[in-house]
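The following exercises are intended for a reader who is meeting this structure for the first time. Each consists of a task and a solution in steps.

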Amino acid sequence: MVLKIISRKRDTCFMFYSGKGGVGKTSVAAATAMWLAAKGRKTLVISTDPAHSLADSFDTRIGGEVRKIDKNLYAVEIDPKLSMKEYKDMLSPELEKISALKGFGLDEAFDMAGTTPGIDEIASFDSFLKYMSSSEYDIIVFDTAPTGHTLRFLSLPDVLDSWIGKLIKIRMRLSGITTAVKKLIGSGADDGRDSALEKLEEVKKRIAQAKETLSNPDRTEYNIVMIPEAMSIYESERSLSFLKRCNIPIGNIIVNQIIPENTRCKFCSSKRALQLRRLVDIRKRFSPCKVLELNLFEEEVQGKKTLRRVAKELYG
Ligand SMILES: Nc1ncnc2c1ncn2[C@@H]1O[C@H](COP(=O)(O)OP(=O)(O)OP(=O)(O)O)[C@@H](O)[C@H]1O
Ligand SMILES: [Mg+2]
């Protein structure tokens with residue numbers, strides 16, 4: 001079984017693809033999603049890369065709403081900015097209206113999160129949270145932004161955890177103050193409920209669940225895409241040790257853009273010989289992970305026909 005995930009039938013499974021820019025993450029994610037759908041698994045492929053290319057890869061229209069693009073196959077391109085706004089709205093429907101909160105730096109925290117390059121990570125994480133507990137799809141494939149971002153997204157649970165923990169404390173302190181003031185001036189009945197606080201607690205609980213799901217090898221598989229070149233190997237090694245440290249289950253190592261054999265072309269032959277040496281090195285360094293090879297095609301990987309070809313090379 002090339003993909004361990006295919007044999008799992010119960011909860012929704014999650015597949016991530018990480019790797020440097022341009023190594024073939026989108027192509028492999030799209031091809032895998034198509035292959036899974038063809039195997040009869042209801043599959044959703046989500047792009048959280050701010051520079052979406054999923055629609056180009058499938059050569060079809062995809063947008064911010066989930067769209068059926070084939071039998072059993074659904075796709076969505078998440079707008080990280082929009083997602084961040086929704087996140088903010090959900091977390092602080094009333095908090096942000098309270099001017100007293102400004103002193104606590106809440107607005108700054110949101111502004112920072114809204115403008116730093118990390119917003120796409122929050123978008124990924126948010127959609128992960130959204131689909132984590134729903135059983136609508138059998139498998140969800142994430143097409144993410146190049147490595148740095150994806151890896152930061154994985155440590156996001158801790159960041160958000162402490163961030164939200166702080167918000168909850170502020171909220172509690174504040175509700176204590178407002179109750180005291182209300183009592184003092186004798187205005188308004190306090191029904192004892194605090195919906196904002198409840199929501200924050202709920203988000204915190206979901207984050208704890210997310211951390212658990214992300215490190216559950218029965219539900220999550222993290223794949224690394226690379227090319228057989230020294231720089232890509234070193235970078236992938238760093239990713240791998242980070243993933244191990246975070247307790248994230250590793251799926252396959254996909255080595256893309258291998259030059260096919262061509263004895264008539266001297267350039268191709270010597271380039272291929274070097275790549276094959278790199279492949280031996282990769283198998284040694286990344287053992288015991290499964291290494292899948294993908295040839296460089298004479299055409300671009302675009303459209304369902306080439307995606308099927310990619311899947312066939314990878315999974316047979
Ligand atoms: N095996 C292959 N043979 C031929 N072309 C390929 C192959 N794999 C990928 N490509 C091409 O390389 C380009 C980059 O691929 P892709 O978009 O999948 O990479 P990516 O890692 O998602 O890039 P980014 O980091 O920009 O998101 C695309 O034009 C794609 O068609
Ligand atoms: Mg991509």
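**Exercise 1. The nonpolar core**

Task: Determine which residues of the largest nonpolar core touch the most other members, and which element gives the largest share of this core.

Solution. The model is a predicted one. Its largest nonpolar core has 50 residues, and those touching the most other members are Ala 30, Ala 33, Met 34, Val 45 and Ala 75. Helix 1 provides the largest share of this core, namely 9 residues. Met 34 may then be examined for its own contacts. Leaving aside residues up to four places away in sequence, Met 34 touches Asp 70, Leu 73, Lys 304, Leu 307, Arg 308 and Ala 311.

**Exercise 2. Two helices in contact**

Task: State how helix 1 and helix 10 are oriented relative to each other, and identify the residues that make the contact.

Solution. Step one concerns the quantities required. Two packed helices are described by the angle between their axes and by the distance between those axes.

Step two supplies the values. The axes of helix 1 and helix 10 (residues 304–315) come within 8 Å and cross at roughly 85°.

Step three classifies the angle. Angles of 65 to 115 degrees count as roughly perpendicular, and helix 1 and helix 10 are therefore roughly perpendicular to each other.

Step four names the participants. Helix 1 contributes Ser 27, Val 28, Ala 30, Ala 31, Thr 32, Met 34 and Trp 35, while helix 10 contributes Lys 304, Leu 307, Arg 308, Val 310, Ala 311, Leu 314 and Tyr 315. Sorted by class, this contact of helix 1 with helix 10 comprises 10 nonpolar, 2 polar and 2 charged residues.

Step five considers one participant. Tyr 315 belongs to helix 10 and is partly exposed because 17 C-beta neighbours lie inside 10 Å. Tyr 315 and Thr 32 are 283 residues apart in sequence, yet 8.6 Å apart in space, C-alpha to C-alpha.

**Exercise 3. The shell around the ligand**

Task: Describe which residues surround ligand 1 and which elements supply them.

Solution. The shell is counted first: 19 residues surround ligand 1, and the closest are Gly 21, Lys 25, Thr 26, Ser 27 and Phe 297. Next come the elements. At least two residues of the shell are supplied by each of helix 1 (25–38) and strand 7 (250–258). Helix 1 gives the most, with 3 residues. Finally, the classes are 6 nonpolar, 10 polar and 3 charged.

**Exercise 4. Backbone features in loops**

Task: Locate the cis peptide bond and two residues other than glycine that have a positive phi.

Solution. The cis peptide bond joins Ser 287 and Pro 288, with omega about 10°. Pro 288 is placed in the loop between helix 9 (266–285) and strand 8 (290–295).

Asp 59 has a positive phi near 55° without being a glycine. Asp 59 sits in the loop between helix 2 (54–58) and strand 3 (67–70). Asn 72, likewise not a glycine, has a positive phi of about 65°, and the loop between strand 3 and strand 4 (73–77) holds this residue.

**Exercise 5. Buried or partly exposed?**

Task: Classify Asp 59, Asn 72, Ile 78 and Tyr 131 by their C-beta neighbours.

Solution. The cut-off is needed first: a residue is buried if 20 or more other C-beta atoms lie within 10 Å of its own, and exposed if 12 or fewer do.

- Asp 59 has 14 such neighbours and therefore counts as partly exposed.
- Asn 72 has 19 and is therefore partly exposed.
- Ile 78 has 21 and therefore counts as buried.
- Tyr 131 has 17 and therefore counts as partly exposed.

Two of these residues can be placed further. Ile 78 is in the loop between strand 4 and helix 3 (80–91). Its C-alpha atom is separated by 5.3 Å from that of Gly 64, 14 residues apart along the chain. Tyr 131 is in helix 5 (residues 119–132). Beyond residues up to four places away in sequence, Tyr 131 touches Thr 12, Tyr 137 and Ile 140.

**Exercise 6. The chain as a whole**

Task: How many helices and strands does the chain have, and what share of its residues is buried?

Solution. The chain has 10 helices and 8 strands. Of its 316 residues, 35% are buried. Among contacts between residues at least 6 apart in sequence, 76% join residues at least 24 apart.

Technical notes. Residues numbered from 1 in each chain as written. Chains lettered and ligands numbered in written order. Predicted model: local features only at pLDDT ≥ 70, side-chain atom pairs only at ≥ 80, totals over all residues. Helix = DSSP H or I, 4+ residues; strand = E, 2+ residues; numbered from the N terminus. Contact = placed C-beta atoms within 7 Å. Near = placed C-beta within 6 Å. Nonpolar A, V, L, I, M, F, W, Y, C, P; charged D, E, K, R; others polar. Core = buried A, V, L, I, M, F, W, Y, C linked by C-beta atoms within 7 Å. Axes fitted to C-alpha atoms, helices over the stretch in contact; angles between N-to-C directions. Parallel < 35°, antiparallel > 145°, perpendicular 65-115°, else oblique.
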